[in-house]
Amino acid sequence: MHGHGGYDSDFSDDEHCVESSKRRKRTVEDDLLLQKPFQKEKHGKVAHKQVAAELLDREAKQELKYLEYQRHTKFVNDYILYYGGKKEDFKRLGENDKTDLDVIRENHRFLWNEEDEMEMTWEKRLAKKYYDKLFKEYCIADLSKYKENKVNLSVEINIVIKKKA
């Protein structure tokens, strides 16, 4: 029986089955020989482990955000039921909001003194941190003859500020 529903053929040959398995084996070996060394392997229908893990992580994060939002709305509703009020009371106004860039613009200084670092608010610390990350290179330019296309730039100067006694 060859697995065809119980029907057997008198004309079928066992040698024919052996030849087809040899032919299949030979095509696999040929594919390996014909594969170029820089050619990537063909992936099957199963996703790569890393891709699958990233998808699962993303789905888990989305589910967690949804659960956190549900929990938050439950707390707000419970608060309103217990203390009274409206949901509009919980909406925040964005009139006085400032971005980090706004804070840096307000507190930026061209030069910072060591004395200023003693008493610093978070806004000043943020501006100082931004200032420290800037690429600072100073030069002196003589622009008295710029109309003649003659500009004199000094290479590099270290600026030292001294206090007047």
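Hi everyone, let's start with one small detail: a polar atom of the Asn107 side chain sits 3.0 Å from the backbone oxygen of Val103. Please keep in mind that we are looking at a predicted model.

Where does Asn107 sit along the chain? Asn107 belongs to helix H3, which covers residues 100–107. Is Asn107 buried or exposed? Its relative accessibility is 18%, and buried means under 20%, so Asn107 counts as buried. And which residues does Asn107 touch, once we set aside its neighbours within four places in sequence? The contacts are Trp112, Glu123, Lys124 and Ala127.

Now let's step back and look at the whole chain. The protein chain has four helices and two strands. If you follow the sequence from start to end, the pattern reads α-α-α-α-β-β. So how much of the chain is buried? Of the 165 residues in the protein chain, buried residues make up 6%. Asn107, with its 18% relative accessibility, counts as buried.

Two more values for the chain as a whole. It exposes about 16,900 Å², and carbon and sulfur atoms supply 54% of that area. Then take the contacts with a separation of 6 or more: residues 24 or more positions apart account for 10% of them.

Next, the charged side chains. How many salt bridges are there? The count comes to four, and I'll show you some of them.

One of the salt bridges joins the side chains of Asp78 and Lys74, with N to O at 2.8 Å. Both residues lie in helix H2, residues 49–83. They are four residues apart, about one turn of the helix. For accessibility, Asp78 is partly exposed, with a relative accessible area of 34%. Lys74 is also partly exposed, at 49%. Exposed would mean over 50%, so at 49% Lys74 still counts as partly exposed.

Another salt bridge links Asp97 with Arg92, and their closest N and O atoms are 3.0 Å apart. Here Asp97 counts as partly exposed, at 42% relative accessibility, whereas Arg92 counts as exposed, at 64%.

Let me also point out Lys98 and Glu106, whose side chains meet in a salt bridge of 3.1 Å, N to O.

To finish, go back to the structure and find Asn107 in helix H3. From there, look for Val103, whose backbone oxygen lies 3.0 Å from a polar atom of the Asn107 side chain, and then for Trp112, one of the contacts of Asn107. Thanks for listening!

Notes:
Residues are numbered from 1 along each chain as its sequence is written. This is a predicted model: local features need pLDDT of at least 70, side-chain atom pairs count only at pLDDT 80 or more; totals for chains, interfaces and linings use all residues. Side-chain values use heavy atoms; hydrogens and water are left out. Buried means under 20% relative accessible area, exposed over 50%, partly exposed in between (1.4 Å probe, protein chains only). Contact means heavy atoms within 4.5 Å. Accessible areas come from the Shrake-Rupley method with a 1.4 Å probe; for residues, only the protein chains shown count as cover. A polar contact is a pair of N or O atoms within 3.5 Å; within protein, one must be able to donate a hydrogen and the other to accept it, and residues adjacent in sequence count only if both atoms are side-chain atoms.
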